[in-house]
Each structure stands twice: as structure tokens, then as C-alpha cells.
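Good morning, colleagues. Please have the sequence and the structure open before you while I go through three sites in turn.

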Amino acid sequence: MRSIHLLFALAAAGVAAACTSPADSLLTARAGGHPSSPGGTADDATTAIAGSAPIASVPIRRLNRAEYNNTVRDLVGDLSSPASAFPEDALRGGFSNNAEALTASPLQVELYATAAEKIVTAAMGSVRRGVIVSCDPQATAGAEACARTSLKAFATRAYRRPIADDDLDDLVALFRTSQTAGDTFDEAMGVALRAVLTSPSFLFRIEDEGGDGAQGAPVDAYAIASRLSYFLWSSMPDEALFAAAASGALVTKEQIDAQAQRMLEDPKSQALVDNFGGEWILAKMGEAAPAKESFPQFDDALKASMVGETKAFLASFVLADRNLKEALTAKDTFVDARLAAYYGVDAPSGDANGFARVTLPASSHRGGLLTQASVLTMTSIATRGSPTRRGAWILENLMCAPPSPPPPNTPELP
């Protein structure tokens with residue numbers, strides 16, 4: 001059985017860059033310190049998320065681009081990746097889901113409105129309409145009653161918690177005004193649906209902290225559901241997670257563990273590797289540009305193979321029950337045909353994406369994460385390796401102890 005405690009251990013051990021990990025999306029600090037900081041423990045983390053301890057103030061988090069794309073995919077079946085048109089998310093502490101960096105500019109607000117119009121138009125013009133509109137507007141109850149029922153269900157999923165009566169009344173009022181102006185049922189529904197997709201309750205993850213404002217309150221079940229889903233899937237909760245939150249079966253450590261185990265079995269958990277692992281380990285890979293005269297074998301295809309190896313390797317730890325200590329010493333890795341040739345090992349038959357696990361020869365100098373081509377490439381300079389850069393990368397990304405800045409007027413290393 002895969003152990004969710006590995007995920008808590010990742011946060012507690014501070015293995016993410018600069019001791020700031022996207023586990024922040026899942027775990028909230030007690031009044032004594034964050035579980036992913038040196039002062040916290042994995043037990044602190046599970047206790048805090050289970051809601052049996054007071055919590056500190058929780059920041060409002062805007063969905064980043066990956067989370068937005070995944071959320072509209074799971075909400076309305078939109079596969080167009082609309083957030084690709086949004087500005088790049090700023091990194092803070094090495095990650096793109098840090099609340100402090102996720103501001104919303106006037107341009108971004110305009111782009112949200114444009115995206116909402118396209119998403120709603122596509123959804124209402126496809127088979128997804130039958131999922132969004134769950135009743136017959138021509139029935140005896142009438143169009144407005146059908147709109148209220150459909151909007152309540154849609155907004156509850158979009159907001160990741162039951163919609164407040166006042167908010168639902170506002171959406172129905174938009175529908176009513178649009179119909180009064182002569183719009184058809186679908187056109188009026190489109191106006192209200194666009195309002196949902198441009199609402200702060202959709203674009204931001206907002207938690208009701210409750211309590212007296214000083215000590216805080218236990219995390220509620222819907223907030224836990226969102227923390228789990230955006231940590232493990234970078235997306236909204238699914239129906240099973242919503243049902244668990246609604247029934248109250250998501251407030252103990254055992255219940256949370258059971259849901260997380262289920263979620264790790266879902267293919268959507270690849271997002272944990274792509275987003276967490278990719279930003280933790282591979283953040284600088286996009287900047288890597290070895291000189292062609294020094295490394296004639298290097299090209300974009302080989303670069304993609306290097307990235308694929310590291311993601312598959314990380315997945316074998318995050319998504320399986322494997323000791324994290326092996327990450328630095330393992331004599332197995334994942335290669336496709338191109339990387340196998342580069343490493344001098346037999347090319348595997350591979351799976352659907354071309355990667356398969358291989359055992360490296362005992363005589364190979366490679367073994368573990370630090371000797372993988374991606375890590376060596378992005379910690380090098382254009383013409384050669386750089387022990388200084390590699391040491392600094394290890395200190396910052398693995399040891400949570402970035403080196404001090406150099407003295408003033410220190411020249412660049414040759």
C-alpha cells in the first residue's frame with residue numbers, strides 16, 4: 001500500500017526548495033510554526049490538517065495557470081488549456097503556487113473574462129450542456145427554477161464548497177435580467193455561468209477561517225478537500241471527495257489518509273510530479289543551453305529525455321511506497337531509447353511514453369538523482385560542468401541552506 005505519510009515526510013523534512021514547498025497548499029501551520037519548517041513534524045502536519053488543532057491565518061490563493069487549466073478541465077471538460085494565454089506565474093521560494101506571488105493584475109482580470117466567455121460558449125454548445133443544465137427548462141416548474149437548480153450545482157463545484165443563498169440569488173438575478181432582455185435560456189445561463197467563472201470564489205481558494213479571529217478554528221471538511229486535491233492533483237476535488245466533505249467523513253487523519261491513498265491511484269496524481277517535482281528539481285532546466293561545440297550530442301530531443309527521466313524517477317518515490325533515501329543512491333533509473341544511447345545502456349522496449357525502468361551497470365558512475373543528466377546539465381555552465389554551481393544547488397534545493405551571497409565586487413567564475 002502506498003503510504004501518504006511519505007508526502008507529510010516530504011514537507012516535514014524540508015526537502016523542497018528553500019524550505020518552502022507546495023505542501024503549503026495542503027498543510028497549514030499551528031501557532032507554533034509550519035510543519036515543513038525545521039520546527040514542525042509530520043505528526044504536527046497530520047494533526048493540523050485533520051482539524052484537531054487551531055491554525056494560523058490562511059492566505060487567499062489565486063489559482064495558478066496549471067491549476068486553472070486542470071480545474072476547468074475537470075469542471076466542464078475543457079481541454080484547450082485557456083490559461084496558456086495568461087501571463088506567466090511569478091515564482092516565490094521556487095514555486096508557482098505561493099500565495100504571496102499570485103496577484104491579479106488588471107490585464108489578468110480581462111483575460112479571465114475572455115477565457116470565461118470561450119469556456120462557457122464551448123461547454124454550452126457541446127454534450128457538456130447536459131451536465132451543466134440538469135433539468136428541462138420547459139417543464140412545469142419553469143425556466144428560472146431550472147436555472148436555479150443548475151446554477152446551484154455548478155457553482156458549488158466551481159467554488160469547491162456549497163454556494164451561499166445570497167450568492168445563488170445574485171446568479172439567478174443575472175439569469176432573470178438576461179431573459180427579460182430577450183435572451184434565450186442558454187444565453188441567459190451563459191451570462192450567469194460566466195459570472196461564476198470570473199468570481200473570486202472560483203479564481204481564488206478562499207477558506208472560511210471561523211473562530212474568534214485571534215486563535216483561528218479547525219479546518220473545515222471542504223477546505224481539506226481542496227487542500228488535498230490541489231496538492232495531489234493541482235485541480236478541484238472530484239465527486240468522491242466532495243461527497244466525503246459533505247458527509248463529514250473528511251475530518252480525521254484516517255479519513256484523510258484513505259482519500260489521499262485513493263487519489264494517488266488516479267492518473268491525475270501525475271500533476272504532483274509535474275508541478276511539485278518539476279519546480280523543485282527541474283526549475284532551471286529551461287535555462288540550460290550547453291554550447292554546441294562542447295556538447296554536440298545535446299539537442300531539444302535529448303533535453304526532453306533528460307526531463308522525462310527525472311520526472312519518472314521522482315514518480316517512483318512520490319507515487320509508490322519507496323524509501324526517499326534511495327533517491328540519492330539508487331542504481332536504477334528510467335530511460336527512453338535516446339537517453340539509453342547517451343548513457344550507454346541497452347534501450348528498453350518502454351511503455352506508452354517511451355520510458356522504462358533500467359538497472360545501471362555496477363561500473364557506472366551514475367546512481368541517484370544527483371548524477372542524472374538533467375541535474376548535471378542545469379547546474380553546469382555552457383562549456384563544462386561546475387562543481388560550485390552544483391554545490392550551491394544542493395545547498396539550496398536539498399539542504400534548505402542556500403549559500404551566502406559573495407562579497408561585493410567578486411567577479412564571476414570563468
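Tyr 68, in this predicted model, has contacts well beyond its own stretch of sequence. Setting aside neighbours within four places in sequence, Tyr 68 touches Leu 63, Pro 82, Ala 83 and Phe 86, and its further partners include Tyr 112, Ala 115, Ala 116 and Ile 119, together with Phe 202 and Leu 203. Within the largest nonpolar core, which has 93 residues, Tyr 68 and Leu 250 are the residues with the most contacts. Helix H10, residues 221-232, supplies the largest share of this core, namely nine residues.

I turn next to Ser 96. This residue is located in the loop between helix H3 (65-76) and helix H4 (106-124). Is Ser 96 buried or exposed? Its relative accessible area is 9%, so Ser 96 is buried. Its side chain makes a polar contact with the side chain of Glu 279 at 2.6 Å and another with the side chain of Asn 64 at 3.3 Å. Outside its neighbours within four places in sequence, Ser 96 is also in contact with Asp 89, Ala 90, Leu 91 and Leu 102.

Finally, the disulfide. The structure holds one, formed by Cys 135 and Cys 146, with the sulfur atoms 2.1 Å apart. Cys 135 lies in the loop between helix H5 (129-132) and helix H6 (143-159), and Cys 146 lies in helix H6, so the pair ties together parts eleven residues apart in sequence. The torsion about the S-S bond is about 105°, and the disulfide is therefore right-handed. As for accessibility, Cys 135 is partly exposed at 27%, whereas Cys 146 is buried at 3%.

How values were computed: Residues numbered from 1 in each chain as written. Predicted model: local features only at pLDDT ≥ 70, side-chain atom pairs only at ≥ 80, totals over all residues. Heavy atoms only, no water. Core = buried A, V, L, I, M, F, W, Y, C linked by side-chain atoms within 4.5 Å. Buried < 20%, exposed > 50% of the residue type's maximum accessible area, 1.4 Å probe, protein only. Helix = DSSP H or I, 4+ residues; strand = E, 2+ residues; numbered from the N terminus. Contact = heavy atoms within 4.5 Å. Polar contact = N/O pair within 3.5 Å; in protein donor to acceptor, adjacent residues only side chain to side chain. Disulfide = S-S within 2.5 Å.
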